[in-house]
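Reader: Could you take me through one part of this model up close? I'd like the aromatic contacts to start with, and then whatever else you think belongs in the picture.

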Amino acid sequence: MLLFSLKLHPPFKKIISAFSGGLFFNLFLPSTIGGDVARIYSLLSHTGEGGKVAATVIVDRLSGFLALTFISILSIIVGGRLIQSKSVIIIVVAIALTFTIITLLMFSRRTSKAFSSVFKFFHLERIENIWKRIFDALSLFRGNKMLLFKNFLISLIIQGSNVLAIYLIALSLGVKTGLIYFFIIVPIIAVISTLPITIGGLGLRDASSVLFFSKIGISSNIAFSISLISFFFVTFVGIAGGIIYAFSLHSRRLR
């Protein structure tokens, strides 16, 4: 949807291939950034418009983060009184403010000029040109609020489904905590896991699961099990994505 709005029309099977490759590379590259780079590189080979492709990936990623924080905030409004730890609420608010500021900055001309000035100062003309192409593409989205809203709704469905999946894993392990807790806690864990300081979020996801689930009375061994089982499913999907991506590379070589 985002690609087509920028008049980029790679074959749908190529979009599937790029997205699948991103899922695979997420498994062993830093956080989700590695997979995003792989998606950009793969689609670049089909469109030749690196700036526009990068802009669609950035918008898609920001939309996902905003959906996560929206779910957490809405859940706190509905069931915040059930959370006894003020630290959880503070973290949710801090994350929400951070991503709101990042989103505003990404679409701000002042931000673009500031980045360009920094690149010029360090004589990074090539990076400056890449940034200008990305920002020009991002600017095209500013006038299409309905498109951004649709993308946000899709992100809400995806992130909400992820929360439900984690909740079902917890139920299978005998956890009897209410669903509302998971809509508050899981998005926080998901955001922390995307920090690009570990491979595939390993360690961050597990530690944050143990920390935050303990706030709602889930023991550390059960919380760690929830994290590992969810990572197993992520790994399974990532490997399936890698197979799809590998077959697309094979067909490309044959041509």
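Author: Let's start with Tyr 245, which counts as buried because its relative accessible area is 12%. This is a predicted model, so keep that in mind throughout. The ring of Tyr 245 pairs edge-to-face with that of Phe 25, at 5.7 Å centre to centre and with 80° between the planes. What makes the contact worth a look is where the two partners sit: Phe 25 is in helix 2 and Tyr 245 in helix 11 (residues 220-254), so the pair ties together parts that are 220 residues apart in sequence.

Phe 25 has another ring partner, Phe 24. That pair is edge-to-face too, with 5.4 Å between the centres and 65° between the planes. Phe 24 is partly exposed, since its relative accessible area comes to 27%, whereas Tyr 245 is buried. Bring in Phe 28, and you have one aromatic cluster made of Phe 24, Phe 25, Phe 28 and Tyr 245. Across the structure there are eight aromatic pairs, and the two above are among them.

Now for the charged side chains. The structure has three salt bridges, and here is how they hang together. Asp 36 and Arg 39 meet at 3.2 Å, N to O. Both are in helix 3 (residues 33-47), and because they are three residues apart, about one helical turn separates them. Which side of the cut-off do these two fall on, buried or exposed? Buried means under 20% relative accessible area, so Asp 36, at 10%, counts as buried, and so does Arg 39, at 12%.

Each of these two also reaches over to helix 4. Asp 36 meets the side chain of Arg 61 in a salt bridge of 2.8 Å, N to O. That contact links distant parts of the chain, Arg 61 being in helix 4 and Asp 36 in helix 3, 25 residues apart. Arg 61 is partly exposed, with a relative accessible area of 24%. Arg 39, for its part, forms a salt bridge with Asp 60, and the closest N and O atoms are 3.2 Å apart. Since Arg 39 is in helix 3 and Asp 60 in helix 4, this pair ties together parts that are 21 residues apart in sequence. Asp 60 is partly exposed as well, at a relative accessible area of 25%. Through shared partners, the salt bridges join Asp 36, Arg 39, Asp 60 and Arg 61 into one network.

While you're looking at helix 4 (residues 50-79), check Phe 70, which lies in it. Phe 70 is partly exposed, because its relative accessibility is 39%. Together with Ile 73, Leu 74, Ile 77 and Val 78, Phe 70 makes a nonpolar surface patch of about 470 Å².

One backbone oddity before we finish. Most residues other than glycine have a negative phi. Lys 7, though, has a positive one, near 65°. Lys 7 lies in the loop between helix 1 (2-5) and helix 2 (12-25), and it counts as exposed because its relative accessibility is 68%.

As for confidence, the protein chain has a mean pLDDT of 83, with 91% of its residues at 70 or more. Among its elements, helix 8 (residues 145-172) has the highest mean, 93, and helix 5 (residues 86-106) the lowest, 76.

Definitions and conventions: Residues are numbered from 1 along each chain as its sequence is written. Side-chain values use heavy atoms; hydrogens and water are left out. Patches are made of residues with over 30% relative accessible area and no salt bridge: like charges are joined within 9 Å, nonpolar side chains (Val, Leu, Ile, Met, Phe, Trp, Tyr) within 5 Å. Accessible areas come from the Shrake-Rupley method with a 1.4 Å probe; for residues, only the protein chains shown count as cover. A salt bridge is a side-chain nitrogen of Lys or Arg within 4 Å of a carboxyl oxygen of Asp or Glu. Helices (H or I, at least four residues) and strands (E, at least two) are DSSP runs, numbered from the N terminus. Buried means under 20% relative accessible area, exposed over 50%, partly exposed in between (1.4 Å probe, protein chains only). pLDDT is the predictor's confidence in each residue, from 0 to 100. Rings of Phe, Tyr and Trp (its six-membered ring) pair if their centres lie within 6.5 Å; planes under 30 degrees apart count as stacked, over 60 as edge-to-face and the rest as tilted.
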